[in-house]
Every structure is written in C-alpha cells, then in structure tokens.
Amino acid sequence: MKVKESNYELGKIVITLEEYRLSRNISKNKIVLGAGIQRTQLQKYCQNKVARVDLGVLSRICHFLNCNLDDIMRYEPN
C-alpha cells in the first residue's frame with residue numbers, strides 16, 4: 001500500500017506475517033483460534049491486502065505468536 005502526499009511518495013508498510021508464519025511452520029488455523037480473529041481478517045493480513053490496520057487484531061496476533069510488530073511488518077522507504 002503506497003501513500004502519496006503532494007506527489008511525494010512516502011514509501012509503504014509491508015505486512016510480512018505470511019513469511020513469519022511459514023518460517024515457523026504455524027498454521028493459519030492455529031493463529032485464528034489462538035488469536036481469536038476471523039479467518040478472512042488473517043487472510044488479508046497474510047496477503048498484505050489490509051486497507052486499514054486494526055491495532056487490536058495486530059495485538060492479538062503478536063500476543064499469540066509471542067513476537068513484536070517488526071517481526072510481522074516493515075516500512076519500505078522509496
């Protein structure tokens with residue numbers, strides 16, 4: 001998701017939850033059940049197709065995975 005402000009590209013936030021999940025061999029079902037989130041929500045986060053980030057969802061995911069935000073997302077400047 002790229003953000004523009006007055007024709008100046010600021011970079012983008014990339015959600016790397018799918019990479020994290022796969023590297024630790026954690027099933028999506030485990031995350032859905034353990035974090036108490038909907039499968040469709042998780043799917044959007046895994047596909048990096050989130051229009052508006054829900055901090056509550058991110059908190060539950062991080063709590064369940066015992067990780068930090070920078071483990072499942074990063075900022076990519078231009």
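Note to self before the helices: I call a residue buried when its relative accessible area is under 20%. This is a predicted model, so I keep that in mind throughout.

**H3.** I started with helix H3, residues 39-46, and found Leu 42, Tyr 45 and Cys 46 buried there. They span an arc of only 95° around the axis, so they sit on the same side of H3. That fits the textbook picture: an α-helix has 3.6 residues a turn, so residues three or four places apart point the same way. Just past the helix, I noted that Asn 48 follows H3 with a positive phi, near 60°.

**Core.** Next I looked up the largest nonpolar core, which has 20 residues; Leu 17, Leu 65 and Ile 72 touch the most other members. Helices H1 (17-23), H2 (28-35), H3 and H4 (55-65) each supply at least two of its residues. H4 gives the largest share, five residues.

I then pulled the contacts of Ile 72, leaving out residues up to four places away in sequence. Among them are Val 14, Ile 15, Leu 17, Tyr 20, Leu 58 and Ile 61, plus both Cys 62 and Cys 67.

**Cysteines.** Those two made me ask: how many disulfides are there? The count is zero. Cys 62 is in none, and its nearest cysteine sulfur, that of Cys 67, is 4.0 Å away. Why no bond for Cys 67? The closest cysteine sulfur, in Cys 62, is 4.0 Å off, which is too far; the cut-off I used is 2.5 Å. I also checked accessibility: Cys 62 is buried at 10%, and Cys 67 is buried at 11%.

Technical notes:
Residues are numbered from 1 along each chain as its sequence is written. This is a predicted model: local features need pLDDT of at least 70, side-chain atom pairs count only at pLDDT 80 or more; totals for chains, interfaces and linings use all residues. Side-chain values use heavy atoms; hydrogens and water are left out. Buried means under 20% relative accessible area, exposed over 50%, partly exposed in between (1.4 Å probe, protein chains only). Helices (H or I, at least four residues) and strands (E, at least two) are DSSP runs, numbered from the N terminus. The arc is that of the directions from the helix axis to the C-beta atoms. A nonpolar core is a set of buried Ala, Val, Leu, Ile, Met, Phe, Trp, Tyr and Cys residues joined through side-chain atoms within 4.5 Å. Contact means heavy atoms within 4.5 Å.
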